[in-house]
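I opened this notebook page to go through charged pairs and surface character, one lookup at a time. My entries follow in the order in which I made them.

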Amino acid sequence: MARLVILSEGFTGKAHELTVEKTTIGRVDDNTFPIPEGSVSSHHCEVLLRGSDIVIHDLNSTNGTFVNGHQITGEAPLKPGQILRLGQVEMRLEDALSAQKAAPKKLPDQTMVIPQGVKLGQEPATKAVAFDQSAFAKKSNKGTKIFIAVVIVLAIGVVVLLYTLFNK
């Protein structure tokens with residue numbers, strides 16, 4: 001059985017089985033597959049089952065209906081694996097075979113031992129590294145000393161200027 005699986009954040013994993021001839025999709029609750037998101041029209045589109053074919057019919061939606069990035073007007077076929085976008089919401093059509101492939105794999109029944117890179121008694125390959133001592137040497141304070149000297153000279157200049165202005 002085919003189904004639509006939503007891929008967009010906030011709805012990720014929400015799915016709807018396509019079991020009836022006509023499935024309506026839209027923002028409001030009276031749709032067969034309601035998607036409460038602002039970019040989806042209240043009655044956005046219909047998914048029609050026509051034999052083994054699946055067809056999308058846009059219901060004059062505000063933000064458009066797209067199949068694999070191409071906007072549809074009226075009707076367009078939808079194949080398994082294709083991406084259907086309604087407004088800002090993306091979903092993928094999956095058939096029974098692709099749904100089985102997407103199912104999580106069975107976990108092992110017992111604990112598995114993962115081999116390590118180095119075995120007991122075996123020394124790892126080592127490589128001598130030479131450090132450049134100049135990179136770790138103490139840096140010179142010459143710049144700091146010059147900055148302090150300039151600040152002191154300016155402070156003395158401001159004090160002298162203020163003294164001459166107020167003692168006239």
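Before looking for pairs, I fixed the criterion: a salt bridge is a side-chain nitrogen of Lys or Arg within 4 Å of a carboxyl oxygen of Asp or Glu. I also noted that this is a predicted model.

Entry, salt bridges. I looked up the total and found that the structure holds four salt bridges.

Entry, arginine 3 and glutamate 94. I found that the side chains of these two residues meet in a salt bridge, with N to O at 3.2 Å. The pair links distant parts of the chain, since arginine 3 belongs to strand 1 (residues 3-6) and glutamate 94 to strand 11 (residues 89-94), 91 residues apart. I then checked the cover on each partner: arginine 3 counts as partly exposed because its relative accessibility is 24%, whereas glutamate 94, at 3%, counts as buried, the limit for buried being under 20%.

Entry, lysine 22 and glutamate 46. Here I noted a salt bridge between the two side chains, at 3.6 Å from N to O. Lysine 22 is part of strand 3 (residues 22-26) and glutamate 46 is part of strand 5 (residues 45-50), so this pair ties together parts that are 24 residues apart in sequence. For lysine 22 I recorded a relative accessible area of 46%, which makes it partly exposed, while glutamate 46 is buried, with 14%.

Entry, glutamate 75 and arginine 50. I found a salt bridge in which the closest N and O atoms are 2.9 Å apart. Glutamate 75 lies in strand 9 (residues 75-77) and arginine 50 in strand 5, so parts 25 residues apart in sequence are tied together by the pair. Both partners came out as partly exposed when I looked them up, glutamate 75 with a relative accessible area of 39% and arginine 50 with 43%.

Entry, network. I asked which residues are joined into one network by salt bridges that share partners. I wrote down Arg3, Arg92 and Glu94.

Entry, nonpolar surface. Turning from charges to nonpolar side chains, I recorded a surface patch of about 580 Å², made by Phe147, Ile148, Val151, Ile152, Ile156 and Val160. I followed up one of these residues, isoleucine 152, and placed it in helix 2 (residues 142-166). Its relative accessibility is 48%, and therefore I entered isoleucine 152 as partly exposed; the class of exposed would require over 50%.

Note on methods
Residues are numbered from 1 along each chain as its sequence is written. This is a predicted model: local features need pLDDT of at least 70, side-chain atom pairs count only at pLDDT 80 or more; totals for chains, interfaces and linings use all residues. Side-chain values use heavy atoms; hydrogens and water are left out. Patches are made of residues with over 30% relative accessible area and no salt bridge: like charges are joined within 9 Å, nonpolar side chains (Val, Leu, Ile, Met, Phe, Trp, Tyr) within 5 Å. Accessible areas come from the Shrake-Rupley method with a 1.4 Å probe; for residues, only the protein chains shown count as cover. Helices (H or I, at least four residues) and strands (E, at least two) are DSSP runs, numbered from the N terminus. Buried means under 20% relative accessible area, exposed over 50%, partly exposed in between (1.4 Å probe, protein chains only).
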